[in-house]
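I opened this structure to look up how its interior is packed and what lies around its ligand. My entries follow the order in which I looked.

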Amino acid sequence: DTSETVNAENPNCSTELPEGYLQRVEHGKETAGKRHKRKSDARNPLERYHMKYLCVTDLCAQGWCEQQMVYSIELPGFLQPERVALMDRGASIHLARELEVHDIVSVCTKTREDSWAVKFLNLLTTISVLQAGGPVRECPVFGEIDGIFLVGVIDELHYTPKGELELSELKTRGRPSLPTNAQKRNHHLQVKVYKHMFDAMVRGQMNLDNLIRHLCLRPEQPLGAHVKEHAEKAGLTVNCFGDLLELTCLSLTFSDLPNIDRLTLEYHYQKDNTLIGTETVHFGNIEEELQDYMAFWKGWRETKGVDIEEAWKCRSCNYVDICEWRKTMGTVINHTKRTKQ
Ligand code: SF4
């Protein structure tokens with residue numbers, strides 16, 4: 001999940017415009033024009049953008065700048081090439097670490113249920129490795145917060161020498177320095193949400209009906225031949241998607257896995273993968289923290305950009321030339337200056 005890290009990197013913008021930039025700005029203006037019509041659109045953002053669920057990294061992007069996150073959905077392909085390169089390098093480091101603990105196998109999927117089945121099979125494998133006291137990487141987590149379904153992937157879970165279950169999240173950095181406080185806030189939120197979701201899962205709180213309803217999946221859908229074969233190699237006999245869901249729920253409920261005891265962030269320099277530093281995150285009540293985030297997704301309020309104190313974020317934003325929020329904020333800044341004169 002390097003996207004929010006890259007967003008958080010705040011690198012200096014290139015002075016050269018990437019290919020297609022101006023066309024995308026024009027497209028952005030059109031989209032911005034359509035935004036006025038959106039005010040009369042009764043659909044909430046989840047419905048408007050055809051999203052059945054959120055990824056935890058969506059919340060992190062929202063925490064950085066909600067307006068920027070909305071533009072990234074409405075104007076995909078707007079990323080500057082140097083940022084794409086940073087994301088690719090981050091992804092390679094994550095992949096190398098994942099390969100240290102297990103092989104990656106391709107499974108051919110034919111239906112949406114097949115695709116989700118592979119995620120649940122990964123979760124089942126994770127449960128058994130953790131039960132045996134081993135470390136796991138790329139652990140999927142699912143759950144509902146404030147009526148919205150969330151999906152995430154924890155970088156690493158392992159037991160410390162004291163027997164505590166520790167979540168370790170790897171962040172790759174384009175510079176050999178620790179992030180700023182604004183960047184760290186997002187990383188803290190991410191691991192706190194992961195803990196909240198993992199703990200709820202191992203307490204047996206994954207509600208199958210909710211999951212099926214949010215994701216619009218068919219429990220009776222037979223699994224594809226490749227998915228079944230993959231399940232059989234893991235010692236599981238399942239026929240339809242619902243069988244696998246029930247098996248996952250039972251395994252979680254009767255696993256005796258503990259809650260996560262420690263949350264750690266590990267910052268690595270992308271260039272040579274050296275460790276820059278680690279940080280322990282204290283866990284608090286995130287449901288309260290997320291209420292304002294969720295209010296946006298439920299359509300209870302309009303999109304917000306950054307506060308005036310954080311206007312420095314706009315300097316490295318791809319959407320600075322088309323941003324409506326920034327234009328409004330500019331008016332506020334000018335007005336404030338005039339009132340002070
Ligand atoms: Fe957010 Fe500033 Fe970018 Fe607008 S220009 S989307 S307010 S970061």
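These are my notes on the core, one helix and the ligand.

Before starting, I noted that this is a predicted model, in which local features need pLDDT of at least 70 and side-chain atom pairs count only at pLDDT 80 or more, while totals for chains, interfaces and linings use all residues. Residues are numbered from 1 along each chain as its sequence is written, and side-chain values use heavy atoms, with hydrogens and water left out.

**Core.** I looked up the largest nonpolar core (buried Ala, Val, Leu, Ile, Met, Phe, Trp, Tyr and Cys residues joined through side-chain atoms within 4.5 Å; buried means under 20% relative accessible area with a 1.4 Å probe, protein chains only) and found that it has 67 residues, with Phe120, Leu157, Phe198 and Trp297 making the most contacts inside it. Helix α7, residues 112–131, gives the largest share of this core, nine residues. A second, separate core has seven residues, among them Cys65 and Cys314.

**Helix α7.** Helices here are DSSP runs of H or I with at least four residues, numbered from the N terminus. I checked the length of α7: at 1.5 Å a residue its 20 residues should span 28 Å (1.5 Å times one less than the number of residues), and the end C-alpha atoms are 29 Å apart, which agrees. Among the buried residues of α7 I listed Trp116, Phe120 and Leu124. Just after α7, Gly133 takes a positive phi of about 90°.

**Ligand.** I found the ligand surrounded by residues including Cys65, Gln67, Cys314 and Trp325 (a heavy atom within 4 Å). Both α5 (66–74) and α13 (324–340) supply at least two residues of the shell around the ligand.

Technical notes. Buried means under 20% relative accessible area, exposed over 50%, partly exposed in between (1.4 Å probe, protein chains only).
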